[in-house]
Amino acid sequence: MTKIRNFSIIAHIDHGKSTLSDRLMEITGFKKKNDSIEQSLDSMQVERDHGITVKAHHVRIPFKWKDEDIIFNLIDTPGHVDFSYEVSRSLAACEGAILLVDATQGVEAQTISHLNEARKNNLPIIPVLNKIDLPAADIELSGSEIVELLNCNENDIILVSAKDGTGVDELVDVIIKKLPSPKINADIPLRAMIFDSNYNSYRGAIPFVRVFDGSVKKGNKIIFYSTGDIHEVTEVGIFVPEMQPIKELRSGDVGYIICSIKNLEEIHIGDTIHLKDDKVEPFKGYKEVKPMVFSGFYPSYSEDYEKLKDSMAKLKLNDAAFSYITENSQALGFGFRCGFLGLLHMKIIQERLENEFDVSIVATMPNVIYKIVDIKGRETIIDNPALLPDLSRGIKILEPFLKLEIFTPPEYIGYIMKLSQDRRGVQKNITYIANKRVLMEYYIPMSEVIFDYFDKLKTLSKGYASMDYQLLEYKESDLVRLDILVNGIRVDALSSIVHRDKSFFFGSKMARKLKETIHRQLFEIRIQASIGSKVISKTVVKALRKNVLSKCYGGDITRKRKLLEKQKKGKKRMKSVGKVEIPQDAFLAALSIDDEK
Amino acid sequence: MNGIYIHIPFCKSKCNYCNFASDNYNSYDEYFSSLEYEIRNKHRFFNIPDTIYIGGGTPSCIDEKFILNTIEIISETYDISSLKEFTIELNPESITKDKINHYLDYGINRFSMGVQSFNDDVLKFLGRAHNSQTAIRAVSMILHQSRNLSIDIIWGIPGYFINLEKLSNMPIQHISAYILSIEEGTAFFKQGIKEKRGLEEEYKYVLSELRNNGFNQYEISNFSKPGYESIHNTLYWDRNNKYIGYGLSASGFDGHKRYNNTREMDLYFKDPLLSETEILSEKQIAIEDIMLKMRCVKGIDKSIYGIIDKDLLEMMISDNLIEFSNGNLKATNRGFLVLNEIILKLSDSYIENLGI
């Protein structure tokens, strides 16, 4: 009887997840040394740049171990806070998890949040300390953190070096011994959970599933519970890690189902698949993934609009969480309002557009989704600050609040408190772990976190603090729309929604920042920050004093024309509002506003 | 109109604002034999020049036999019987009565002298080899022998405000007044000297002093007594004219294409016919045409400004950057100081509306 173990590795970025996966495949004889999963799996440019896994990659490892037939289904999880829902679904597909902690770094915030997800799913957890071969490894300290977190014994922690293979044998033993086999319910109707998906230009959108009950094979007619869509299965298979067809996916298996779905949007992570004509109970925990952060994406050169449109359509095929609709800005022309899971997701899409598709874009300041509720209780969603109406009496504006968890060495507590207070955060909890780490919990508006909170946190803690967040609720706030006017014309792409208490400070900083960014032009430029009709800050970019070349005879003409052409090219990237040319940097001016007053 | 330009890339010393590669050339023989080769062998797209201009560098700083010999070669190659203007550039410290007489004997009828300033401190700052006294003496020496003298002056020098009082005693015919530009590759640039800010007052002063002394502005940097506009320089600014340039870095234009000779002395010696030809797109022609015409006081005529957005013109007129004058559209004095920006805006609109 083959023993199946379905599990995930929970780890912070760079704590060695990919290396451990490589080593597991090697030690089981599944892959030869140096035949790195890391190389084959962390394939996207952005994944390498950010050192994170954007799309999860999974692998089935069949092997013989001490005379037993074993199958490991290693289910990968995306490595960033923006993708926490996907992480929770991946964990829901498992019977256990490895908690992998870098012995030189200790536990990080993200590890804790993933661990909490695993606990919600009642998964047994195997604690592992990695990188014990490094001189900087502090096994005692990192170990005590784990003991406290898991409430386990020190002896339960397995010490490994994924790099040189130390301890990995023991780990395989423990996985087989400690993690349960999947419950096999072979004879009842099919019930499979979608935990991930992928898009292939030849085969369409493909759901990755964990089969809990029954089985599925080619020719079956299946239904997606959330949409009711019916599809005929054309292939089922497993990950080796490439997709390999097999005859049937059975209860306990992890694999993929191909059923000619054109669009990734039709597949919902967490959804339940069952056979047509059967009635089943759907899996709990299914949520529709909704974008949390929005930004306007515009082509730097207006003639690139079609190219941008095509590129976004192609990206969307691979990434159902990314959404966009056309938008027209007076300042930026034709473009798109795009929705993302979080700020990192936004950065990834932006970089992919620029690197893979070679379109240069202007991205406006990211914003969260606001809700306005009128007297009769009717709700309107606002995903673009410029579209926030003037709030008359009785109309409420709601913004999203997060539960923000920060994990830090105690010496940075003071700075973090200050930063979080400046960002309207309310401290909810503070817990010492092993006396060397502190878990701080904040109730904080999402809009205050999405810009640069993470960068600031990293800077003030010298890189030691880590964070994670979850959306809690929408709550009323005293928010106002801050507009920027250039020579009296409102620049729609520069509007923002800010808290009234911060509006004066923010408005004057914006005006000053814009003054630095907008170059002198033929005319004097008045920059005003205003709330409604009230101007709260103003500044002036004086008219250009000199831009002329004295001499222009025979030999100079070519040179001068080239110089003009160069200046003209520079201007092509500018966006004009009225007669004022605004450089693209200006649209991100707000991102670089400091908290210092 | 057809013009010939001959470039003499030699100077006694290099000025702080000059970015031309003119150091350490003492290879006069080699240069002039290359120049002769070029004149005799280069394709000519006209045979009867209206103007000749010998510029530099400093043509007067070298033994005049080289210059006179070159003029002879030109007269053997071209029919120079209808020359209207024949200019040579001079420096105050390098001229003598005899030199001027020789030049006159060979048909030169206009002199352009690099005076730059009448203030000794400024001259020192600029790195010029002469002082104001030398300059004044040189001016009167030439005026004794010729009635057609132009001088160059530079204004907009950081730390100074130009003084043109001395002009009233000088019956010269033409002035080129340039704003100091600090360009890459110059000594000023290396020293980190920045261009002067706030030029309006000084420009106003320059304009009024020149006007009071009887000079009319006909181009952004050029002023003359009536009838003494430089014919040669003016022909550069109208794309209907042709010119042939000889020597290092010289340019020529046959009405369609422009060529630019190499700027490297070694390459020029190896092949005096080495040049790059540029073929301009319609867009580039439009930019160039508007650029050259807007630099002139005459401006652009209706066939051009009629195509430019009216809103844009009105905005610029209301901001006192451009104005209508004699049916043409021209830059105002304020506009001249930011002419590049104006040209860019006008040519953008022109190109867009013309759909080229």
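In which loop of chain A is the place of A:P282? In this predicted model, A:P282 sits in the loop between β16 (272-275) and β17 of chain A, and the points below start from that loop before turning to aromatic pairs, helices and nonpolar cores. Across all chains, a search of the whole structure finds 34 aromatic pairs, and the largest nonpolar core has 111 residues.

**The loop around A:P282**

- With a relative accessible area of 24%, A:P282 is partly exposed, since buried means under 20% and exposed means over 50%.
- Once neighbours within four places in sequence are left aside, the residues in contact with A:P282 are A:R191, A:Y225 and A:T272.
- One of these contacts, A:R191, is 91 residues from A:P282 in sequence, while the C-alpha atoms of the two are 8.0 Å apart in space.

**Aromatic pairs in chain A**

- Among the 34 aromatic pairs found over all chains, the rings of A:F297 and A:F340 have centres 5.5 Å apart and planes at 40°, and the pair is therefore tilted.
- This pair links distant parts of the chain, with A:F297 in strand β17 (residues 293-299) of chain A and A:F340 in strand β19 (residues 333-340) of chain A, 43 residues apart.
- A:F297 counts as buried at 0% relative accessibility, and A:F340 likewise counts as buried at 0%.
- An aromatic pair that is stacked is formed by A:F401 and A:Y443, at 4.8 Å centre to centre and with 10° between the planes.
- Because A:F401 lies in strand β24 (residues 396-408) of chain A and A:Y443 in strand β26 (residues 437-445) of chain A, the pair ties together parts that are 42 residues apart in sequence.
- A:F401 counts as buried at 7% relative accessibility, and A:Y443 is buried with a relative accessible area of 11%.
- One aromatic cluster is formed by A:F297, A:Y305, A:F322, A:Y324, A:F334, A:F336 and A:F340.

**Lysines over rings in chain B**

- B:K65 lies over the face of B:F66, at 5.0 Å from the ring centre, and B:K225 lies over the face of B:F215, at 4.8 Å from the ring centre.

**Two helices of chain B**

- Helix α1 (residues 28-41) of chain B has 14 residues and spans 20 Å from its first C-alpha to its last, close to the 20 Å expected at 1.5 Å a residue.
- The buried residues in α1(B) are B:Y31, B:F32, B:S34, B:L35, B:E38 and B:I39, and because they cover an arc of only 155° around the axis, they lie on the same side of α1(B).
- These buried residues of α1(B) pack against β1 (2-8), α2 (64-77), β9 (242-246), β11 (257-261) and α9 (265-270) of chain B.
- Helix α10 (residues 282-295) of chain B also has 14 residues, reaching 20 Å from first C-alpha to last, and 10 of those 14 residues are buried, so α10(B) is largely enclosed by the rest of the structure.
- The buried residues of α10(B) include B:E288, B:D289 and B:R295 as well as B:I287, B:L292 and B:M294.

**Nonpolar cores**

- Within the largest nonpolar core, the residues with the most contacts inside it are B:M113, B:I151, B:I172 and B:M294, and the largest share of this core, 7 residues, comes from helix α14 (residues 339-354) of chain B.
- Leaving aside neighbours within four places in sequence, B:I151 is in contact with residues including B:M113, B:I172, B:H174 and B:S176.
- A second, separate core of 39 residues includes A:L91, A:C152, A:I206 and A:F208.

Notes: Residues numbered from 1 in each chain as written. Chains lettered and ligands numbered in written order. Predicted model: local features only at pLDDT ≥ 70, side-chain atom pairs only at ≥ 80, totals over all residues. Heavy atoms only, no water. Phe/Tyr/Trp six-rings, centres within 6.5 Å; stacked < 30°, edge-to-face > 60°. Helix = DSSP H or I, 4+ residues; strand = E, 2+ residues; numbered from the N terminus. Buried < 20%, exposed > 50% of the residue type's maximum accessible area, 1.4 Å probe, protein only. Lys NZ or Arg CZ within 6 Å of the ring centre and 35° of its normal. Expected span 1.5 Å × (residues − 1). Arc of directions from axis to C-beta. Contact = heavy atoms within 4.5 Å. Core = buried A, V, L, I, M, F, W, Y, C linked by side-chain atoms within 4.5 Å.
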